[in-house]
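Reader: Could you take me closely through one part of this model and show how it is put together? I would like the pieces linked up into one picture.

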Amino acid sequence: MMKAFVFKGYGPAAHPDFATLPRPPVGPGEILVQVHAVGLNPIDNMIPKGTFKPLLKFELPAVFGSDLAGVVVETGDRVTRFKPGDEVYASLFDLGMGALAEYALVPEHAAALKPGNLDFVQAASIPMVGLTAWQAFMEHEQIKAGQKVFIPAGSGGIGSFAIQLARHLGAKMGTTTSTANVAWVRGLGADEVIDYRQQAFDAVLQDYDAVLGTLRGDVIERSLSILKPGGWVPSLVGPLDAEFARARGMNGLMRGLFGLMSWKINRLAKQRGVTYRMRFVHPDGAQLAAIAELLETGRIQPVIDRVFPFEQAPEALAYLATGRAKGKVVVSLM
């Protein structure tokens, strides 16, 4: 048996709480990891509300969280890359599995060896933000040296990593943050830092090649005005579009619905000669291994705001929901 932090339904029926669950059996191609730390992400609070219920499938009660670091304790048949005792990190996002438990099943393809210079807490802060930035900048579209990228909320978990990765790729970065964090974000590598309490970013920035869509509301629509023709917007927060539905094998009805949801943003993008696409990050151990090399050489540093003990998982999620974290919030199970 194992202790886990779970939600039991969606919306008012979520009832987040600790529960005792059976230790999961290991199947072919899977590794069982004793979890030492879990990195939290804003979507961890959104999933129990039902925001992504049509897209992310869980068997209830479902374990919170997706990012973990820990030690392999058992391997299934056909596992060739890992053995018991290996220190690993991984993202379980979109796999129907959770991380905020004493043990977690991880598909072999989703895991990588933990960066040797990081402890478990530091490593657990990386997977989703690292994969999000990597896939946005290097998989779907190639960021090239000298290009300009707008990364909103530069002091947040995704922003603080994405700025460092873009700097490594030779890009120029613009970002937004509060007054207190302007100098700190500039120290991460941002070239143009807008204090959102003093100025509107779309009144200052111009001729950008790409915008990383990470904030809800009107930020993505407003950011279209700072792009040059041929620019692009990989969005992590919507609006959902027809291509996204098609990539996930959804039926024609859902493709049509998502097309309507993204009609306005696509119309505005077309008017400016830019491209909008909704993206979901996907687990990828090979990409995490490449990210580990950047971490081990110090070209990217983990940024952690606060660490909570496992018993304070509810408080950790509540703190994350305030939106005030500078970097990542991590739960330690050690």
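Author: Let's begin where β10 and β11 run side by side: these two strands pair in the parallel sense, over four bridges. Pairing here requires that DSSP finds at least two bridges between two strands, and the elements themselves are DSSP runs numbered from the N terminus, with helices being H or I over at least four residues and strands being E over at least two. One bridge to look for is that of T175, whose partner in β11 is V193. Before going further, please keep in mind that this is a predicted model, in which local features need pLDDT of at least 70 and side-chain atom pairs count only at pLDDT 80 or more, while totals for chains, interfaces and linings use all residues. Residues are numbered from 1 along each chain as its sequence is written, and side-chain values use heavy atoms, with hydrogens and water left out.

How does the chain get from β10 to β11? Helix α5, residues 182–188, joins with these two strands to make a right-handed β-α-β unit. Right-handed means that, with the strands pointing away from the viewer, the path from the first strand over the helix to the second runs clockwise.

On to the neighbouring pair. Strand β9 (residues 148–151) and strand β10 (residues 172–177) are also parallel, again with four bridges. You can find one of them at K148, which is matched in β10 by K172. Here, too, a right-handed β-α-β unit is formed, with helix α4 (residues 157–168) as the helix alongside β9 and β10.

From β9 we can step across to strand β12, residues 208–211, which runs parallel to β9 and is joined to it by two bridges. Both are easy to follow by residue: F150 has V211 as its bridge partner in β12, and V149 has A210. A210 then leads us onward, since its bridge partner in β13 is W232. Strand β13 (residues 227–235) is parallel to β12, and two bridges join them; Y208 has its bridge partner in β13 at L227.

Put together, these pairings belong to an open sheet of six strands, in the order β11-β10-β9-β12-β13-β14 and with parallel pairing. Its edges are β11 (192–195) and β14 (275–278), each of which pairs on one side only. From one strand to the next the twist averages 15 degrees, where axes are lines fitted to C-alpha atoms (for helices, over the stretch in contact) and angles run from 0 to 180 degrees between N-to-C directions.

Just past β13 there is a detail worth a look. The peptide bond from G238 to P239 is cis, with omega near 5 degrees, and P239 lies in the loop between β13 and α7 (242–247). A second cis bond runs from L60 to P61, with omega near -5 degrees; P61 is in the loop between α1 (42–46) and β4. As background, most peptide bonds are trans.

β4 also takes us to another sheet, an open one of three strands in the order β2-β1-β4, with antiparallel pairing. The edge strands are β2 (17–21) and β4 (62–63), each pairing on one side only. Strand β1 (residues 2–7) meets β2 through five bridges in the antiparallel sense, and K3 stands opposite T20 there.

For a helix contact, turn to helix α3 (residues 127–139) and helix α10 (residues 285–296), whose axes come within 10 Å and cross at roughly 100 degrees. The two are therefore roughly perpendicular to each other; angles under 35 degrees count as roughly parallel, over 145 as roughly antiparallel, 65 to 115 as roughly perpendicular and the rest as oblique. On the α3 side, P127, G130, L131, W134, Q135 and E139 meet Q287, L288, A290, I291 and L294 of α10, contact meaning heavy atoms within 4.5 Å. By class, this contact has seven nonpolar, three polar and one charged residues, with Ala, Val, Leu, Ile, Met, Phe, Trp, Tyr, Cys and Pro counted as nonpolar, Asp, Glu, Lys and Arg as charged, and the others, Gly among them, as polar.

Stepping back, the protein has eleven helices and 16 strands. Its radius of gyration is 20 Å, close to the 20 Å that the globule rule gives for 334 residues, so the protein is as compact as a globular protein of that length; the radius is taken over C-alpha atoms, and the rule is 2.2 Å times the number of residues to the power 0.38.
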